[in-house]
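Welcome! Take a moment to look at the sequence and turn the structure around on your screen.

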Amino acid sequence: MTQIKEALAPQIIINHITQDSWADYEEIRHDMLFQDQSAFPPQAFNDLLSTEQDWRRRINNGMVLLAYEGNTAVAMVRATFEDKTAVARNMYTRPSHRGIGLGKLLMQDLIDRITSLHTIETIELEVEDTQLPAIRMYEKFGFREIGRIPEKRTIHGVDTDGFMITMRKPLIP
């Protein structure tokens with residue numbers, strides 16, 4: 001079991017949400033886009049135009065885990081499935097809850113749930129090369145870099161070159 005700071009442990013609950021919780025998913029996804037604008041490509045902001053039906057469809061077409069403190073979603077991760085591969089997407093923790101282990105807790109929960117499906121052979125994800133704490137966390141979970149995709153991005157109004165790193169974790173030896 002991945003540990004989070006003792007004081008918050010009893011207050012954090014992770015839920016595999018259904019489409020009835022679409023508004024919670026929409027709200028934290030919007031927060032993610034506004035808080036970390038430089039971490040996402042411009043097309044990600046199309047989410048701001050999504051309808052309730054779009055959000056419900058996304059939830060039904062994968063697995064969305066939200067970490068709640070009380071009634072507020074404070075962290076999230078989503079996975080989609082492509083053949084025998086799960087693709088982890090949209091890992092995010094609100095700034096107010098960073099540094100306490102929620103990302104680790106969510107990733108472990110996601111890996112456990114995907115492994116229990118017994119049909120998935122690998123988990124893949126993409127992460128910006130600037131997200132060093134996230135890369136280190138993924139490596140601790142057994143993810144290894146399998147490729148880099150060059151990309152241009154704008155950070156604080158400055159155009160720069162970078163890479164989107166693709167990582168993979170085998171579930172079957």
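Here is a short tour, from the whole chain down to pairs of side chains.

Keep in mind that this is a predicted model. The protein chain has 4 helices and 7 strands. Starting at the N terminus, they come in the order β-α-α-β-β-β-α-β-α-β-β. Of the chain's 173 residues, 45% count as buried. Contacts also link distant parts of the sequence: among those between residues at least 6 apart, 62% join residues at least 24 apart.

**Two helices**

Helix H1 covers residues 22-35. With 14 residues, H1 reaches 20 Å from its first C-alpha to its last, close to the 20 Å expected. Its buried residues include Trp 22, Tyr 25, Ile 28 and Leu 33. Which elements do the buried residues of H1 pack against? They pack against helix H2 (52-60) and the strands S2 (63-69), S3 (72-82) and S4 (85-93).

Helix H3 (residues 102-115) also has 14 residues, and its end C-alpha atoms are 20 Å apart, which agrees with the expected span. Among its buried residues are Leu 102, Leu 106, Asp 109 and Ile 114.

**The surface**

The chain exposes about 9,800 Å², and carbon and sulfur atoms supply 50% of that area. Phe 34, Leu 48 and Leu 49 make a nonpolar surface patch of about 330 Å². Leu 48 sits in the loop between H1 and H2 and is partly exposed, with a relative accessible area of 34%.

**Salt bridges**

The count comes to 12 salt bridges. Three of them are shown here.

| Acidic partner | Basic partner | N to O distance |
|---|---|---|
| Glu 52 | Arg 56 | 2.8 Å |
| Asp 109 | Arg 113 | 2.4 Å |
| Glu 124 | Arg 168 | 2.6 Å |

Glu 52 and Arg 56 both lie in helix H2, 4 residues apart, about one turn. Asp 109 and Arg 113 are likewise 4 residues apart, in helix H3. Why does such spacing suit a helix? An α-helix has 3.6 residues a turn, so residues three or four places apart point the same way.

Is Asp 109 buried or exposed? Asp 109 is buried, because its relative accessible area of 18% is under 20%. Its partner Arg 113, at 27%, counts as partly exposed.

The bridge between Glu 124 and Arg 168 has a 2.6 Å separation between its closest N and O atoms. Glu 124 lies in strand S5 and Arg 168 in strand S7, so the pair ties together parts that are 44 residues apart in sequence. Finally, salt bridges that share partners join Asp 20, Glu 52 and Arg 56 into one network.

Methods:
Residues are numbered from 1 along each chain as its sequence is written. This is a predicted model: local features need pLDDT of at least 70, side-chain atom pairs count only at pLDDT 80 or more; totals for chains, interfaces and linings use all residues. Side-chain values use heavy atoms; hydrogens and water are left out. Helices (H or I, at least four residues) and strands (E, at least two) are DSSP runs, numbered from the N terminus. The expected span of a helix is 1.5 Å times one less than its number of residues. Buried means under 20% relative accessible area, exposed over 50%, partly exposed in between (1.4 Å probe, protein chains only). Contact means heavy atoms within 4.5 Å. Accessible areas come from the Shrake-Rupley method with a 1.4 Å probe; for residues, only the protein chains shown count as cover. Patches are made of residues with over 30% relative accessible area and no salt bridge: like charges are joined within 9 Å, nonpolar side chains (Val, Leu, Ile, Met, Phe, Trp, Tyr) within 5 Å. A salt bridge is a side-chain nitrogen of Lys or Arg within 4 Å of a carboxyl oxygen of Asp or Glu.
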